[in-house]
Amino acid sequence: MTHILVVEDEPSLCQLLVNNLTFEGFSVDSAGDGLPALAEHAAHRADLIVLDLMLPQMDGFEVLRILRERKDEVPVLMLTARGQETDRLQGLSLGADDYLVKPFSVLELIARVKAILRRTRPLDRPPVLRSGPFRFDLPRLEARRADKTLDLTPREFRLLEILITHPGRTHSRKELLQLAWEPDARPAARTVDVHIANLRRKLGEEVHGQPWITTVGGEGYRWVAPVEAETV
Ligand code: CA
């Protein structure tokens with residue numbers, strides 16, 4: 001379940017947001033100041049933080065600065081009462097994903113929250129995915145084309161998993177090396193190409209003669225076909 005942390009010191013607004021986000025199906029926690037918010041996030045990691053700018057002790061800018069300093073990329077939707085251009089710019093430059101100026105409608109806030117989540121988490125890594133003739137059972141590390149199980153190495157499966165859980169997104173060789181190899185391994189970028197070549201061979205041809213994994217310029221690789229979660 002997607003978990004949202006609401007940081008807002010005005011109790012009535014805070015409760016309104018918590019109620020509405022809960023109604024939308026999110027699990028929601030709240031905090032009334034910066035420090036408790038950071039503690040709450042550390043104890044129960046949020047998938048998104050709705051962060052009011054003006055807080056009693058530690059303001060939203062400070063919370064955001066600390067998060068980003070810790071390399072925490074949790075998406076942040078900032079709330080500002082002032083609506084001044086400088087606040088908005090400062091928030092965005094500190095790494096906020098979006099902002100809303102008070103007063104705002106709750107519907108608008110929910111729409112923004114969903115838009116940020118769609119952008120930052122294209123697929124919620126459901127266990128079984130389908131794309132074209134393929135079926136990928138992620139927990140079981142099993143890939144099938146039609147009725148045939150593909151004989152993939154764990155590394156090939158991992159590369160495939162990265163690509164199919166972010167369809168349409170290009171991953172550079174460097175990124176794939178970071179995501180699919182152990183941190184202390186130092187394979188050459190060419191290693192990625194070799195694994196992708198093997199993977200393509202095992203996946204087989206697409207109907208129009210295009211590989212399922214396309215090469216994007218000199219940049220990297222991308223899974224182009226639409227991917228859907230299998231509904232049980
Ligand atoms: Ca406030």
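# Worked exercises on a predicted two-domain model

Aspartate 52 has a relative accessibility of 2%, so this residue counts as buried. The model is predicted. Keep both points in mind for the exercises below.

## Exercise 1: The calcium site

**Task.** Find the protein donors of the calcium ion, and state how they are spaced along the chain.

**Solution.**
Step 1. List the donor atoms. They are Asp9 (OD), Asp52 (OD) and Met54 (O).
Step 2. Check the distances. These donors lie 2.1 to 2.3 Å from the ion.
Step 3. Read the donors along the chain. Their spacing is D-x42-D-x1-M.

**Task.** Is methionine 54 buried, partly exposed or exposed?

**Solution.**
Step 1. Recall the cut-offs. Buried means under 20% relative accessible area, and exposed means over 50%.
Step 2. Place methionine 54. Its relative accessibility is 43%, so it counts as partly exposed.
Step 3. Set aspartate 52 beside it. At 2%, aspartate 52 counts as buried.

## Exercise 2: The overall layout

**Task.** Describe the protein by its domains, its extent and its secondary structure.

**Solution.**
Step 1. Split the chain. Domain 1 covers 3–120, and domain 2 covers 128–229.
Step 2. Take the separation. The C-alpha centres of the two domains are 35 Å apart.
Step 3. Take the extent. The C-alpha trace spans about 60 × 40 × 30 Å along its principal axes.
Step 4. Count the elements. There are 8 helices and 13 strands.
Step 5. Add the burial. Of the 232 residues in the protein, 43% are buried.

## Exercise 3: Two cavities

**Task.** What lines the largest cavity, and which element gives the most?

**Solution.**
Step 1. Start with the count. There are 2 cavities of 30 Å³ or more.
Step 2. Size the largest. Its volume is about 50 Å³.
Step 3. Name the lining. It consists of Leu53, Met78, Thr80, Asp87, Arg88, Gly91, Leu92, Ala96 and Tyr99.
Step 4. Assign elements. β4 (76–80) and α4 (85–93) each supply at least two of these residues. With 4 residues, α4 gives the most.
Step 5. Sort by class. The lining has 5 nonpolar, 2 polar and 2 charged residues.

**Task.** Repeat the analysis for the second largest cavity.

**Solution.**
Step 1. Size it. The second largest cavity holds about 30 Å³ of space.
Step 2. Name the lining. Leu5, Val7, Ala37, Leu38, His41, Ile49, Val63 and Leu67 surround this space.
Step 3. Assign elements. β1 (3–7), α2 (34–43) and α3 (60–69) each supply at least two lining residues. The largest share is that of α2, with 3 residues.
Step 4. Sort by class. The lining has 7 nonpolar residues, 1 polar and no charged.

## Exercise 4: The five-stranded sheet

**Task.** Work out the strand order, and say which strands stand at the edges.

**Solution.**
Step 1. Write the order. The open sheet of 5 strands runs β9-β8-β7-β6-β13, with antiparallel pairing.
Step 2. Look at the ends. β9 (148–149) and β13 (228–229) each have a single partner strand, so one side of each has no neighbour in the sheet.
Step 3. Inspect one pair. β6 (residues 128–131) and β7 (residues 134–137) are antiparallel and joined by 4 bridges.
Step 4. Find a facing pair. Leucine 129 stands opposite phenylalanine 136 in β7.

## Exercise 5: Helix α6

**Task.** Why can helix α6 be called largely enclosed?

**Solution.**
Step 1. Count the buried residues. In α6 (residues 154–164), 8 of the 11 residues are buried.
Step 2. Identify them. They are Glu156, Phe157, Leu159, Leu160, Glu161, Ile162, Leu163 and Ile164.
Step 3. Conclude. With 8 of 11 residues buried, α6 is largely enclosed by the rest of the structure.

## Exercise 6: Around strand β12

**Task.** Which strands pair with β12, and through how many bridges?

**Solution.**
Step 1. Take β10 (residues 171–172). It pairs antiparallel with β12 (residues 220–223) over 2 bridges. Serine 172 stands opposite glycine 220.
Step 2. Take β11 (residues 213–216). It is joined to β12 by 4 bridges, again antiparallel. Threonine 215 stands opposite tyrosine 221.
Step 3. Examine the turn. β11 and β12 form a hairpin with 3 residues between them. Glycine 217 in this turn has a positive phi of about 50°.

**Task.** Is glycine 220 buried or exposed, and how far is it from glutamate 10?

**Solution.**
Step 1. Locate glycine 220. It belongs to strand β12.
Step 2. Read its accessibility. The value is 0%, so glycine 220 counts as buried.
Step 3. Compare the two separations. Glycine 220 and glutamate 10 are 210 residues apart in sequence. Their C-alpha atoms are 47 Å apart in space.

Definitions and conventions
Residues are numbered from 1 along each chain as its sequence is written. This is a predicted model: local features need pLDDT of at least 70, side-chain atom pairs count only at pLDDT 80 or more; totals for chains, interfaces and linings use all residues. Side-chain values use heavy atoms; hydrogens and water are left out. Domain bounds come from an automatic or database domain assignment. Donors are N, O and S atoms within 2.8 Å of the metal (3.2 Å for Na, K and Ca); water is not among the atoms, so sites may look incomplete. Buried means under 20% relative accessible area, exposed over 50%, partly exposed in between (1.4 Å probe, protein chains only). On a 1 Å grid over the protein atoms alone, a cavity is a set of points where a 1.4 Å probe fits but cannot get out, and a pocket is an open set with protein on both sides within 12 Å along at least five of seven lines; lining residues have an atom within 4 Å of a point. Grid points are joined across faces, edges and corners, and a volume is the space filled by probe spheres set on the points. Ala, Val, Leu, Ile, Met, Phe, Trp, Tyr, Cys and Pro count as nonpolar, Asp, Glu, Lys and Arg as charged, and the others, Gly among them, as polar. Two strands pair if DSSP finds at least two bridges between them.
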